[in-house]
Amino acid sequence: MSETSRARANPGGNSAGPPVVFRARGLTKTYGSGPNAVHALRDVDLDIPEGEFIVLLGPSGSGKSTLLNILGGLDAPTSGEARFREHELTGASEEELTAYRREHVSFVFQFYNLIPSLNVGENVRLVAEIAADPMSVEEAVALVGLTPRLHHFPSELSGGEQQRVAVARAIVKRPDVLLCDEPTGALDSETGRLVLGAIEKANRELGTTTVVITHNSVIAGMAHRVLSLRDGRIVDVSINPERKRAGELSW
Amino acid sequence: MVIPGGMLNRKALRDLWALRAQVISIALLIASGIAVFVMSASNYATLLRARNDHYAAGRFPDVFVSLKRAPLAVAERLRLIDGVGVLDTRIAATIRIDDPGSELPVMGRMLALPPQGQPALNRLVLRSGVWPDPARADQVLVNEAFAARRGLRPGDGLRGILNGRLQSFVVSGTALSPEFVFATRPGDPLPDDRHFAVLWAPERTLANAFDMFGAFNDVVLTLAPGAHVPRVLAEIDEALSRFGGTGAITRRDHASDRFLADELTEQRTLAVIAPALFFGVAAFLLTVVVGRLVETQRDQIASLKALGYPSGPILRHYFLLVSAIAVTGAGIGIVAGHVLAIWVVEAYRGFFRFPVMEHRLEIWAVLASFVVSLLVAMGAAMRSVTRIVLLPAMAALRPAPPQFRATSLPAWFGLVWSTRSRIALRGIIGRPLRSALSMIGVGLAMPLVVLGLFWFDALDYMVDMTFDRIQRGDVYVTLTEARPASALEDFRRLEGVLLAEGQRVVPVILRSEHRTYRAALSGLPPGGELNVPRQSDYTRLPVPEEGLVLSRRLVERLGLRIGDSVTVEVLEGRRLVRDVPLTAISDDVLGMSATLSIAALNTLLREGPLINVVALRVDPAHRKALFRQLAAMPAIATTSSKQVWLDLFQDRVVGLIMVSAGLLTLFGMLIVVGVVYNVARVTLHERATELASLRILGFTREEVAGILLTELAIIVVAGIGIGIALAGWAVRLLLAARSTESFEIPPVIASSTYVIAVVAMIVASALCAWLIRKRVDRLDLVAVLKARE
Ligand SMILES: Nc1ncnc2c1ncn2[C@@H]1O[C@H](COP(=O)(O)OP(=O)(O)OP(=O)(O)O)[C@@H](O)[C@H]1O
Ligand SMILES: [Mg+2]
């Protein structure tokens, strides 16, 4: 179900429904200037209601990661504004952005970025230690099915297992927002499903607002809404009338 | 065809630029080592050249003897002794310079000039004015040091008391002599130009005053090539014993020459030890930094090799990189060393009196600097570079990060530490070799700071030991002749005297088998308060009723053990010879002393209870008055004041030592900064992804930097521990290398020195921590996400 070519992703929001947590207006990100300027994002407007599962699709270089990083407080737009609830993300200081990430956001990246010198339990505890209301480490590890590997170090785990640790680490603090950049990019389909299952669980059971970037359009089936980017613009928004469970996906 | 090196050279420049902070810190370390080396090497060469030229041109003798009085005919007999080269006789006398303005008596050594002016040996260099007119009895040359200190110029007047008679002189000129490069009154520990003058007068003047016509009382001679030194000395002593000869000595016991020799030893030691230390640390840092650089460029090297690039240019590329660092360091070091050397030579000028002391940049030192720096740098880079470059292309070129296993840490770890401190601890344990090397690197810096600072402790100890514990008198008065002990009463009555003790001091030769030493043998009252032999821990050594107490270095020089018998040959009066047992060993730090109880010495001399030195404790409030009274007393040969020695010590010794102490401290801090900063940078580089991940997880900059800084803190603390252990050892090593005879510097390190060194280390580390902190702040989170190793 596609809308106009220059789609506004739910501008203004629905009058009913859950409150909007992310609100972006005219987000623009430009690298360099003059004829060599690269426009990673061009005037993007976006509203994301609480608890929504969003998938970002788009060709390489279309600005998906840039958008996600801005929403996650890792990057700043060249112009435009973005806010998370009452947090103004544009123009926020480094300290404010750090506090924002610490209190509200979790990331999962294509590369797992585990701390090599900490074992599974410790990697998860690391985050639990700075969270306001974390679940127990054991619980988070159990959610990704790695309880038997609690004391193993990353170098002793497969890639998929490491990614599941990354997911456990992301959900242990019960984040308000879970941002995933190609979480299954390096995994085979079976492991990918396991990882997506854990992300899905967080979204359903904890009500975590979730944004997932993927090149795999099958995964889009899990989303409430699918945003397609091209050339730094949201060119298409589609709403899934029915969401698939992670276990039902196949590729 | 494109030369394969072209792109690589550009890469070398880019690498240097990227690593500039580390490159600069390593280059500075090399520069420090080179600076000390160039400075010491050229000071050594400068002094050696100045001395050798002066000695050669001035015909500095090899052997020196003084005696009471011998007819000139005896000289002919001495010249016949086998092994004697050129022999010169002269009249020498100790006089008093009349100077009512001086608190202490000013002494002078007056030497006769032959009619032709210039003596055969110890030829003078005229610095101003003219030679004395032999036809006039009142003209003298004055040594430059005294003239400079007193502002005397040719034409100025000077009055001396010669043999009890006041005589007026005119300064005809000033001069330098190879025997007074370092002008000290015999028996004085340091040159005191204010209170000691050397004067040269026509022979007639001295012969008249001291009734020495047709006679001499001082002999200097050179040795013929191949001379058997002990035999020559023995024959001279034999020939002069009838004439009151006090024993021939060689240059080794000649005060001026020995001070020079000591300073040469000092510079030579410094030229070797300090650079060795700096190069060791610089080599270590280069190994770490180049190793890391190569490690990060493994992929590049692999793909270059896969493209068919030969190993040669790649190897050359890395060597070019380290050579650039080495050459920069050596260049800076040579310039700095040169400037320091010029500065130190200027300081020498007020100290060592040479006609010419020209400072030159030593070409061999420059060449050696470059060669050694290059070799050290290449050697440091060799291991990591060859290991990678010689690997088959593309084979297993993944960096090998440290592997952590569930078993690699003890169980209690989990109980004690927060998760973040575990990262820090495992960062250290995960790279045990590198961590150990870093700790050692920091550990090496600390001794350097201590080596700089301990001098003050050692000097404090020396001053304390010598002037507060052993020679406790404030004023020492030497009488012209031995007098009954009752003469003490005259001194006790003087205003300001709190305590007076009589001593008997005679010049002797101590002999044990073939080894001899000329010493002043002091007879001390047992239980006396003003001269107390001590052991190194300050405990008093009671003066035994019978038997000798010798200082440790003298015991070593004579090869003695407690209980051995020492032959004492008295060099005055009836020239008695006695065997006396060695009963105790004392630990004085300045000079070498020989002590006996005064009663035993009086018995040995077959005389009654006589004294010839009076030690006084003085009420400071009455100092001036006391010196006035002493000046008026008859039969006093010299008066010396402890305060003057303390001032001289401060002035002369402490000043010079300050220079090297300051340098070493500065360089020590440089090493700390170099090691800590480089280790931190390498760690930061390796862990950038990990630290950025933590930042993404919501850890603040402080928390993330905290992990890295905890690691560094552990390394620094362990390094400080190693440093404390090494410091004492380094000090002993340095002192052993510089050990000289005139005085031994005790390896005393005060705890305050350790505290200062530790604080210096902490300050240097804090500076690094701050720099690292800045870098952590600048971590680019997004870039780190993209760059995937
Ligand atoms: N630091 C940078 N400097 C210049 N251009 C950049 C920089 N970072 C990103 N870009 C450009 O911005 C555009 C968007 O990049 P972004 O990483 O958001 O793409 P993406 O949609 O995530 O692509 P992919 O699917 O390949 O990850 C790209 O054209 C990229 O070249
Ligand atoms: Mg991307």
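Biologist: Which N or O contact does the side chain of His215(A) make with ligand 1, and at what distance?

Modeller: Bear in mind that this is a predicted model. An oxygen atom of ligand 1 faces an N or O atom in the His215(A) side chain. A pair like that counts as a polar contact within 3.5 Å, and here the separation is 2.9 Å.

Biologist: What about Lys64(A) and Thr66(A): how far are their side chains from an oxygen atom of ligand 1?

Modeller: Both side chains offer an N or O atom to an oxygen atom of the ligand. For Lys64(A) the distance is 2.8 Å. For Thr66(A) it is 2.5 Å.

Biologist: Which chains make up the site around ligand 1?

Modeller: There are 14 residues around the ligand, and among those that come nearest are Ser60(A), Ser65(A) and Lys786(B). Since the surrounding residues are drawn from two chains, the site is shared, and the chains are A and B.

Biologist: How many residues of chain A and of chain B are in contact, and what area is buried between them?

Modeller: On the chain A side 29 residues take part, meeting 26 of chain B. Carbon and sulfur atoms give 58% of the buried area, which comes to about 2,700 Å².

Biologist: How many salt bridges are there between chain A and chain B, and what is the N to O distance for Glu94(A) and Arg695(B)?

Modeller: The count across the two chains is 5 salt bridges. Glu94(A) and Arg695(B) join their side chains in a salt bridge, with N to O at 2.5 Å.

Biologist: Which element gives the largest share of the side of chain A that touches chain B?

Modeller: Three elements of chain A each supply at least two residues to that side: α2 (94–104), β6 (105–109) and α3 (120–128). By class, the side holds 11 nonpolar, 7 polar and 11 charged residues. The largest share is 5 residues, and it comes from α2(A).

Biologist: Why is α3(A) described as largely enclosed, and how many of its residues are buried?

Modeller: The buried set includes Val120(A), Glu122(A), Asn123(A) and Leu126(A). Those buried residues pack against α4 (137–143) and α5 of chain A, and also against α12 (419–429) and α19 (688–696) of chain B. The helix is largely enclosed by the rest of the structure because the buried count is 8 of the 9 residues.

Biologist: At the start of α3(A), which backbone nitrogen does a side-chain oxygen of Asn119(A) reach?

Modeller: The oxygen gets to within 3.2 Å of its partner. That partner is the backbone nitrogen of Gly121(A).

Biologist: Is Leu126(A) buried or exposed, and which residues is it in contact with?

Modeller: Leu126(A) sits in helix α3 of chain A. Its relative accessible area is 0%, so it is buried. Setting aside neighbours within four places in sequence, its contacts are Ile115(A), Leu118(A), Thr419(B), Arg420(B), Ile423(B), Leu694(B), Leu697(B) and Phe699(B).

Biologist: Is Glu161(A) buried or exposed, and where does a polar atom of its side chain find a backbone nitrogen?

Modeller: Glu161(A) belongs to helix α5 (residues 159–171) of chain A. With a relative accessible area of 18%, under the 20% cut-off, it is buried. Beyond four places in sequence, Glu161(A) touches Leu146(A) and Arg149(A). The backbone nitrogen, 2.8 Å from a polar atom of the Glu161(A) side chain, is that of Ser158(A).

Definitions and conventions. Residues are numbered from 1 along each chain as its sequence is written. Chains are lettered from A and ligands numbered from 1 in the order in which they are written. This is a predicted model: local features need pLDDT of at least 70, side-chain atom pairs count only at pLDDT 80 or more; totals for chains, interfaces and linings use all residues. Side-chain values use heavy atoms; hydrogens and water are left out. Contact means heavy atoms within 4.5 Å. Buried area is the accessible area (1.4 Å probe) that two parts lose on being put together, summed over both. A salt bridge is a side-chain nitrogen of Lys or Arg within 4 Å of a carboxyl oxygen of Asp or Glu. Helices (H or I, at least four residues) and strands (E, at least two) are DSSP runs, numbered from the N terminus. Ala, Val, Leu, Ile, Met, Phe, Trp, Tyr, Cys and Pro count as nonpolar, Asp, Glu, Lys and Arg as charged, and the others, Gly among them, as polar. Buried means under 20% relative accessible area, exposed over 50%, partly exposed in between (1.4 Å probe, protein chains only). A polar contact is a pair of N or O atoms within 3.5 Å; within protein, one must be able to donate a hydrogen and the other to accept it, and residues adjacent in sequence count only if both atoms are side-chain atoms. A residue is near a molecule or strand if one of its heavy atoms lies within 4 Å of it.
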